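Colleague: Please take a close look at a single part of this model for me, namely the way in which aromatic rings pair. A connected account, with the cut-offs behind each term, would be most useful.

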Amino acid sequence: MLSCYFTTIGFYFSSLISVLGIYVFLYGQLYLVLSGLEKALLIEARMKNIESLETALASQSFIQLGLLTGLPMVMEIGLEKGFLTALKDFVLMQLQFAAVFFTFSLGTKTHHFGRTIMYGGAKYIPTGRKVVVFHASFTENYRLYSRSHFVKGFELLLLLVVYDLFRRSYQSSMAYVLITYSVWFMTMTWLFAPFLFNPSGFEWDEIVDDWKGWNKWIKEKGGIGIQQNKSWQSWWNDEQAHLRRSGYGARLFEILLSIRFFLYQYGLVYHLDISQQSKNFLVYVLSWVVILAVFLTVKVKFIQVS
C-alpha cells in the first residue's frame, strides 16, 4: 500500500505537505518572536537552567541534512555494487549539486500540484526539443519560475531575516543556525538554482543581453495575439487566468492565504522606534496611511514619466 501511495499521488502530496510545513513553522516562529512569547519562554528556561532546546536541535539537525532520505539509495547501491561504490556515488551526486536540483524541483511540484488542487485544471508548458546545453535568457527563467520559486523564495528570505533580527537579544546564534539552516538552503536554491544550472549564465555579455531583453519584455504592451514570451502583460494575464475560472471558495481561500502578509506589518509596526512602545491601534492605522502615501507618490511619478 505504501508503494502504491508513493508511486501515484502520494509523492506529490508529501512534497506539498513538506513545503507547507516549512511555511507554518516560519510563520509560527515569526509570531513567537514578534509577540515576545519566545523571549519569555527562553528566559524562563535559562532561569531554571533548562537547556533541552539546544540539545534537541543538535540531535535533529543531523536528520535535517536530508541524509536519511538518501539512505535507501545508498543501501540499494551498496547491495548491488558494494558500499564503497555507494559512498562514492553519493559524494559525487553532492558535488554535481544533485541536492540543489532536487530541492528546486520540489518547489516546482509543490506549486503546480497545489494550484491544481485549489483551482483545478491542467496545463502543458511546451519546452520544445532544443539542444540540451543552451543558454536560457533571464526573461525565460523569470517567466517560468517567478511565481513558483522566486516570489516564494523572497518570502522565505524575508521571514528568515526578520526572525534573525528580533531574536538576537536573547537567543544564541548556534540555536538559530540549527533551526533554520535547512530552510536557508532551500531558499537560496529556489532563488539561484536556475542561474547556477544555466550555461554561460555568469558571462558578462550574456548578462547584458539578458538585461536588455528583460527590460524590453517588461515594457512591451500585451493584448490579443501577443505571446507570453513577448510581453510581461500577456504573461501576467495568463498567470491570473486560474482566478477568473475558479469558484468563490477558491477565491476566498486565496484571500485568506494572502492575509498572512499582514503579520509582517502588524508585528513590525509595533517594534519600530516610531511607535515608542505604544500599542494603540492608531499606530497601525498610521502605518497604512504612510503605505498609501508612498504608493500614490510612486504612481504619480510613473504616470509623469510615461
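**Aromatic pairs and helix α8**

Modeller: Y145 is partly exposed, because its relative accessible area is 22% (buried means under 20%, exposed over 50% and partly exposed in between, with a 1.4 Å probe and protein chains only). The model is predicted, so local features need pLDDT of at least 70, side-chain atom pairs count only at pLDDT 80 or more, and totals for chains, interfaces and linings use all residues. Residues are numbered from 1 along each chain as its sequence is written, and side-chain values use heavy atoms, with hydrogens and water left out.

A search of the whole structure yields 17 aromatic pairs. Rings of Phe, Tyr and Trp (its six-membered ring) pair if their centres lie within 6.5 Å; planes under 30 degrees apart are stacked, over 60 edge-to-face, and the rest tilted. One of these pairs joins F104 to Y145 in an edge-to-face arrangement, 5.0 Å from centre to centre and with 75° between the planes. The pair links distant parts of the chain, since F104 belongs to helix α7 (residues 98–119) and Y145 to helix α8 (residues 138–167), 41 residues apart. Helices here are DSSP runs of H or I with at least four residues, strands are runs of E with at least two, and both are numbered from the N terminus. F104 counts as buried because its relative accessibility is 10%.

The rings of Y142 and W235 form a tilted pair, because their centres are 5.7 Å apart and their planes stand at 55°. This pair also connects distant parts of the chain: Y142 is in helix α8 and W235 in helix α11 (residues 232–239), 93 residues apart. Y142 is partly exposed, with a relative accessible area of 21%, whereas W235 is buried at 1%. Ring pairs gather Y142 and W235 into a cluster whose other members are F138, F150, F195, W211, W214, W217, W232 and W236.

Helix α8, which holds Y142 and Y145, is itself bent. A kink of about 90° is centred on S146, the bend at a residue being the angle between axes fitted to the seven residues ending there and the seven starting there. The end C-alpha atoms of α8 span only 36 Å, where a straight helix of 30 residues would span 44 Å; the expected span is 1.5 Å times one less than the number of residues.

As to confidence, pLDDT is the predictor's confidence in each residue, from 0 to 100. Helix α8 has the highest mean among the elements of the chain, at 89, and helix α4 (residues 52–64) the lowest, at 56. Over the chain the mean is 80, and 86% of the residues reach 70 or more. Where pLDDT is low, the predicted coordinates should not be read in detail.

The setting of these pairs is a chain with 15 helices and zero strands. Of its 306 residues, 29% are buried. Among contacts with a separation of 6 or more, 69% join residues 24 or more positions apart, a contact being heavy atoms within 4.5 Å.

A further ring has a charged partner: the charged end of R251 sits over the ring of Y248, 5.8 Å from its centre. That wording requires NZ of Lys or CZ of Arg within 6 Å of the ring centre and within 35 degrees of the ring normal.
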